[in-house]
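Walk me through this model, from its overall make-up to its strands, rings and cysteines. Where should the coordinates be read with care?

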Amino acid sequence: NLSIVASDLGLASVISSSFDSGVGLSYASYIALVSDSISKSRDIPTFAHGLGTFTILRTDTITPNFSTFVSITGNLDVLGLAESLQALSLDETAIKKRGIETTIQASISLPFSSEVACARFADWPQQPRWSPWLSSVSYVNGSEDDSETEWTLNVRGIRLQWRAVSVIQSKPSRVIWESISGLRNKGTVDFVPTSKTSCTMIASITFVPPRPIAIVFKNNEFLKSFLVDKLLNWSLEMFRDVVRSDFALERGDTELGDALFDAVEGKASVAAQ
């Protein structure tokens with residue numbers, strides 16, 4: 001909330017924490033990450049946060065230590081931090097916010113059949129092509145016949161992982177999945193025919209944010225709009241353009257295929273900022 005007020009005034013917040021435990025500093029790092037995301041979304045310059053005094057301490061006051069949660073490159077393990085906060089009883093809102101489910105939905109018209117759309121979307125390792133926030137998706141046992149997949153998501157330094165099982169249905173075309181470990185999430189994607197060569201794609205995702213995210217998420221409209229407008233809507237738009245590009249290249253229309261590919265790459269580079 002302080003970051004939102006500061007950004008309304010055209011200012012950036014600076015988070016400072018010293019002589020703290022690794023867990024405490026990691027949580028301060030998370031707050032700093034959210035603050036920077038708000039500032040960058042409004043084109044406000046950001047500044048270094050005051051976490052460097054931790055280097056004065058050669059040993060941590062509470063295990064696990066700071067490097068357990070924050071890598072040398074600055075990536076934050078949100079799920080690991082959430083579990084430690086709960087184990088140490090440092091999350092005062094854990095009981096009140098336990099099991100908060102958040103559902104986001106979006107839809108888009110697609111210029112190809114529901115069968116084609118469903119088959120392309122359910123090719124799980126291809127997901128990072130239209131969801132630039134996904135680092136990787138792989139079959140756990142290395143086989144396309146395997147219903148269990150492993151996912152890695154990286155959004156502005158926040159790294160989340162989970163394993164999921166999925167079911168692909170036909171008539172009507174639908175994809176259903178639910179996580180079995182890591183980030184708790186589930187969802188459905190329906191492909192509703194509008195003609196023989198077009199359909200409407202309707203995606204609904206429900207997830208339980210890790211507790212450090214849930215504290216900010218509940219009262220932060222910026223994060224909510226980011227998830228819907230960019231994380232989901234952009235993914236659907238990029239899926240449409242990736243498949244259109246593939247079709248164009250397959251039929252030898254390299255000019256259209258390359259143009260669509262460049263458009264997807266451009267949006268992916270903006271999303272990574």
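**Surface, fold and confidence**

The protein has an accessible surface of about 14500 Å², and 53% of that area belongs to carbon and sulfur atoms. The model is predicted. Of the 273 residues, 44% count as buried. The secondary structure comprises 9 helices and 8 strands. Take the contacts between residues at least 6 apart in sequence: 59% of them join residues at least 24 apart.

Confidence comes next. The average pLDDT is 75, and 65% of the residues score at least 70. Residues 89-98 stay under 50. For that stretch the model has 12 contacts beyond four places in sequence. Where pLDDT is low, the predicted coordinates should not be read in detail.

**Three strands in a row**

Now turn to β5, β6 and β7. Strand β5 covers residues 158-169 and runs antiparallel to β6, with 8 bridges joining the two. One bridge can be picked out by residue: arginine 163 has serine 181 as its partner in β6. The hairpin of β5 and β6 has 3 residues between the strands. In this hairpin lysine 171 takes a positive phi near 55°.

On to the following pair. β6 is antiparallel to strand β7 (residues 185-195), and 6 bridges pair them. Here tryptophan 177 has glycine 187 as its bridge partner in β7. The hairpin from β6 to β7 passes through 2 residues.

Look at serine 173, in strand β6 (residues 173-182). Is serine 173 buried or exposed? Its relative accessible area is 8%, so serine 173 is buried. Set aside its neighbours within four places in sequence. Serine 173 is then in contact with Ser114, Glu115, Cys118, Val189, Asp190 and Phe191. Two of these names come back below: Cys118 and Phe191.

**The aromatic rings**

The model holds 10 aromatic pairs. One of them is formed by phenylalanine 112 and phenylalanine 247. Their ring centres are 5.9 Å apart and their planes meet at 90°, an edge-to-face arrangement. This pair links distant parts of the chain, 135 residues apart. Phenylalanine 112 sits in the loop between β2 (102-110) and α6 (114-121). Phenylalanine 247 belongs to helix α8 (residues 221-250).

Burial of the two rings' residues can be set side by side. Phenylalanine 112 has 4% relative accessibility, so it counts as buried. Phenylalanine 247, with a relative accessible area of 25%, is partly exposed.

Both residues belong to a cluster linked by ring pairs. Its other members are Phe121, Trp124, Trp130, Trp151, Trp162, Phe191 and Phe239. Phe191 is also among the contacts of serine 173.

**The cysteines**

How many disulfides does the model have? The count is 0. Cysteine 118 is in no disulfide, and the nearest cysteine sulfur, that of cysteine 199, is 9.3 Å away. Seen from the other end, the closest cysteine sulfur to that of cysteine 199 is in cysteine 118. Why is there no bond from cysteine 199 to cysteine 118? Because 9.3 Å is too far for a bond; a disulfide needs the sulfur atoms within 2.5 Å.

Both cysteines are shielded from the surface by the burial criterion. Cysteine 118, at 5% relative accessibility, counts as buried. Cysteine 199 counts as buried too, at 2%. Cysteine 118 also ties back to the strands, as one of the contacts of serine 173.

Note on methods. Residues numbered from 1 in each chain as written. Predicted model: local features only at pLDDT ≥ 70, side-chain atom pairs only at ≥ 80, totals over all residues. Heavy atoms only, no water. Phe/Tyr/Trp six-rings, centres within 6.5 Å; stacked < 30°, edge-to-face > 60°. Helix = DSSP H or I, 4+ residues; strand = E, 2+ residues; numbered from the N terminus. Buried < 20%, exposed > 50% of the residue type's maximum accessible area, 1.4 Å probe, protein only. pLDDT = per-residue confidence, 0-100. Contact = heavy atoms within 4.5 Å. Areas by Shrake-Rupley, 256 points an atom, 1.4 Å probe, with all protein chains shown as cover. Pairing = 2+ DSSP bridges.
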